[in-house]
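Hi everyone, thanks for making time for this. I'd like to walk you through a structure that may be new to you, so let's bring it up on the screen.

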Amino acid sequence: MAWSVILPPWFNRSSCADELMQQFQQSGQLQWLEQLIMQCGDDLYHFLLRQADAELAADISQQCWLKVLENRQSYRAESRFKTWLFTLARNALVDELRKQQRWQLTEWQDGQIGGPADSSHQDTLADQLAGLQQQQRLAVGLAALPLLQREAILLQLEEFSLDDIAQITGELPETIKSRLRYARERLAHFMGEDNVKV
């Protein structure tokens with residue numbers, strides 16, 4: 001399956017973002033913040049958009065960058081910048097969803113998914129259409145997951161480690177492992193496949 005159609009491109013930019021944040025923290029010059037936004041802004045917005053509507057995702061994304069601007073001194077270099085940024089975003093999203101009474105704490109339990117799927121080249125139009133239908137089905141399956149499970153899967157797709165996800169969500173790593181397992185199982189069941197990989 002060609003995951004790139006529904007998932008953002010993944011680049012290992014964390015160390016560069018960490019350096020940019022340290023420059024911004026020390027100098028306060030907006031050029032460093034602008035570079036951070038260019039480097040991490042799309043990933044942040046994409047993560048929020050998978051859990052909220054476009055207007056709310058844009059609003060929270062903007063709030064997060066304002067918090068980075070206003071609270072640059074509270075960033076600690078022992079944490080990756082992107083982990084800190086996504087923690088701000090996650091907390092702001094949870095607060096807003098609670099205000100709107102849309103925060104769901106439901107954890108479902110079913111099926112299993114592992115690592116990235118084979119993205120072999122599709123030669124025929126029929127194969128391409130089948131691939132597109134499967135991608136759309138996956139997108140629907142992700143949207144159907146309970147919020148906390150969807151959040152864990154999306155953070156994992158953003159290439160955060162288990163410990164990073166635990167830090168962002170304020171949960172224990174074992175809790176995150178369970179959420180990921182249940183999310184994979186639910187998604188595999190929805191996709192009708194025994195070995196769907198995420």
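Let me start with one contact: the side chains of Arg90 and Glu151 meet in a salt bridge, with 2.7 Å from N to O. Arg90 belongs to helix α4 and Glu151 to helix α6, so this pair ties together parts that lie 61 residues apart in sequence. Are these two residues buried or exposed? Arg90 counts as buried, at 8% relative accessibility, and Glu151 is buried too, with a relative accessible area of 2%. As a general point, side chains of opposite charge can pair when their charged atoms come close.

Before going further, please keep in mind that this is a predicted model. Now for the overall picture. The chain has eight helices and zero strands, so if you read the elements from the N terminus on, you get α-α-α-α-α-α-α-α. Of the 198 residues in the chain, 44% are buried. Among contacts with a separation of 6 or more, 75% join residues 24 or more positions apart. The accessible surface of the chain is about 10,700 Å², and 49% of that belongs to carbon and sulfur atoms.

Back to the salt bridges. How many does a search of the whole structure find? Seven. One of them joins Asp43 to Lys82, where the closest N and O atoms are 2.9 Å apart. Here Asp43 sits in helix α2 and Lys82 in helix α4, so the pair ties together parts 39 residues apart in sequence. Asp43 is buried at 5% relative accessibility, and Lys82 is buried at 10%. These two also belong to a network of salt bridges that links Asp43, Lys82 and Glu158.

Another salt bridge has a more local setting. Lys177 pairs with Glu174, and their closest N and O atoms are 3.3 Å apart. Both are in helix α8, residues 173-191, and because they are three residues apart there, about one helical turn separates them. Lys177 is partly exposed, with a relative accessible area of 42%, while Glu174 counts as exposed at 52%.

Next, helix α6, where we already met Glu151. How much of this helix is buried? The answer is 10 of its 11 residues, so α6 is largely enclosed by the rest of the structure. The buried residues include Leu147, Gln149, Arg150, Ile153 and Leu157. Just after α6 comes Glu159, which takes a positive phi of about 70°. That is a positive value in a residue other than glycine. Glu159 lies in the loop between α6 (147-157) and α7 (162-169), and it is partly exposed, with a relative accessible area of 48%.

Let's turn to the rings. The count comes to six aromatic pairs. Take Phe47 and Phe86: they form a tilted pair, 5.2 Å centre to centre, with 40° between the planes. Phe47 is in helix α2 (residues 30-49) and Phe86 in helix α4 (residues 81-99), so this pair ties together parts 39 residues apart in sequence. Both rings belong to buried residues: Phe47 has a relative accessible area of 1%, and Phe86 is at 0%. Ring pairs also link Trp65, Tyr75, Phe81 and Trp84 into a cluster.

Some rings have a charged neighbour. Arg72 lies over the face of Phe24, 5.6 Å from the ring centre. Arg181 does likewise with Tyr182, at 4.5 Å from the ring centre.

My last stop is helix α3, residues 54-70, and two of its residues. Where does Cys64 sit, and what does it touch? Cys64 is found in helix α3 and is buried, with a relative accessible area of 0%. Leaving aside residues up to four places away in sequence, Cys64 touches Leu44, Leu85, Leu88 and Ala89. From Cys64 to Leu44 is 20 residues in sequence and 9.2 Å in space, C-alpha to C-alpha. Leu69 also lies in helix α3, but Leu69 is partly exposed, at 34% relative accessibility. Together with Leu30 and Leu66, Leu69 makes a nonpolar surface patch of about 250 Å².

That's the tour. Thanks for listening!

Definitions and conventions:
Residues numbered from 1 in each chain as written. Predicted model: local features only at pLDDT ≥ 70, side-chain atom pairs only at ≥ 80, totals over all residues. Heavy atoms only, no water. Phe/Tyr/Trp six-rings, centres within 6.5 Å; stacked < 30°, edge-to-face > 60°. Helix = DSSP H or I, 4+ residues; strand = E, 2+ residues; numbered from the N terminus. Buried < 20%, exposed > 50% of the residue type's maximum accessible area, 1.4 Å probe, protein only. Lys NZ or Arg CZ within 6 Å of the ring centre and 35° of its normal. Patch = residues over 30% accessible without salt bridge, like charges linked within 9 Å, V, L, I, M, F, W, Y side chains within 5 Å. Areas by Shrake-Rupley, 256 points an atom, 1.4 Å probe, with all protein chains shown as cover. Salt bridge = Lys/Arg side-chain N within 4 Å of Asp/Glu carboxyl O. Contact = heavy atoms within 4.5 Å.
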